[in-house]
Amino acid sequence: MVVSIISGFGTIQIAANGVANSLDGVGCIAGQAMNLAMITVIGRCVGADDQEQIRYYTKRLVLLTYIATAVINIPLLLGLDSILAIYGLEVETTVLAKTLVMIHNGFAIILWPMAFTFANMLRACNDVKYPMAVSIFSMFVFRVGFSYLIGVRFGMGAIGVWIAMVIDWIFRTTCFVGRYVHGDWKHLMYKLNKS
């Protein structure tokens, strides 16, 4: 749905979005690997009914995700001009692609681990409905709705779509951290271990 919004912005924005998407994937590789590690490690702690280990490994894995995300994205952002030169794009397309990558990968260093990796801690603790509901709601309201609002209605084009993505990450982070602090995951974990 978001791609269909971008497709209405013209060839420059479509090309810049395509290039930016390929570079954004590189910036999130470590985080996606840590998503799997989070479920496995925290799942074992849940099986052992050890909340102290859950807290310890959650902090440790999220910290490692932050470090890995920064280690990948900072050099990528610093070398962005050289990387984009490989694509042989027109100047306007290159400038837009650079802006989109800066938005995504810059904010990924700050928000991505909490918006995505951290949520897997909740899932591993049997709190699967909440992250799913938040993700679906956030996707439709912020990623799609705000993409249309900021990108089309406010006339910001692809940049507006990518700003909407960052708003989506902020909302997810707020919800997941709030859920963790509130402690609802403990009750669901207890139910899992009882059954």
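Me: Among contacts between residues at least 6 apart in sequence, what share joins residues at least 24 apart?
Reply: Happy to start there, keeping in mind that this is a predicted model. A contact here takes heavy atoms within 4.5 Å. Among those in the protein between residues at least 6 apart, the share that joins residues at least 24 apart is 81%.

Me: Which elements make up the protein, and how many are there?
Reply: Reading from the N terminus, the order is α-α-α-α-α-α-α-α-α. Strands number zero, and the helices come to nine.

Me: What part of the residues counts as buried?
Reply: The C-alpha trace spans about 60 × 35 × 20 Å along its principal axes. To count as buried, a residue needs under 20% relative accessible area. Of the 195 residues, the buried part is 44%.

Me: What percentage of the accessible surface belongs to carbon and sulfur atoms?
Reply: Good one to ask next. The protein has an accessible surface of about 9800 Å². The part that belongs to carbon and sulfur atoms is 69%.

Me: How far apart do the centres of the positive and negative side chains lie?
Reply: The two sets hold 14 positive and 10 negative side chains. Their centres are separated by 10 Å.

Me: Is Met132 buried, partly exposed or exposed?
Reply: Let's place this residue before judging it. Met132 sits in helix α7, which covers residues 129-153, and joins Met1, Ile136, Phe137, Met139, Phe140 and Val141 in a nonpolar surface patch of about 680 Å². Buried would need under 20% relative accessible area and exposed over 50%. Because its value is 49%, Met132 is partly exposed.

Key: Residues are numbered from 1 along each chain as its sequence is written. This is a predicted model: local features need pLDDT of at least 70, side-chain atom pairs count only at pLDDT 80 or more; totals for chains, interfaces and linings use all residues. Side-chain values use heavy atoms; hydrogens and water are left out. Helices (H or I, at least four residues) and strands (E, at least two) are DSSP runs, numbered from the N terminus. Buried means under 20% relative accessible area, exposed over 50%, partly exposed in between (1.4 Å probe, protein chains only). Accessible areas come from the Shrake-Rupley method with a 1.4 Å probe; for residues, only the protein chains shown count as cover. Lys and Arg count as positive and Asp and Glu as negative; His and the chain ends are not counted. The place of a charge is taken as NZ of Lys, CZ of Arg, CG of Asp or CD of Glu. Patches are made of residues with over 30% relative accessible area and no salt bridge: like charges are joined within 9 Å, nonpolar side chains (Val, Leu, Ile, Met, Phe, Trp, Tyr) within 5 Å. A salt bridge is a side-chain nitrogen of Lys or Arg within 4 Å of a carboxyl oxygen of Asp or Glu.
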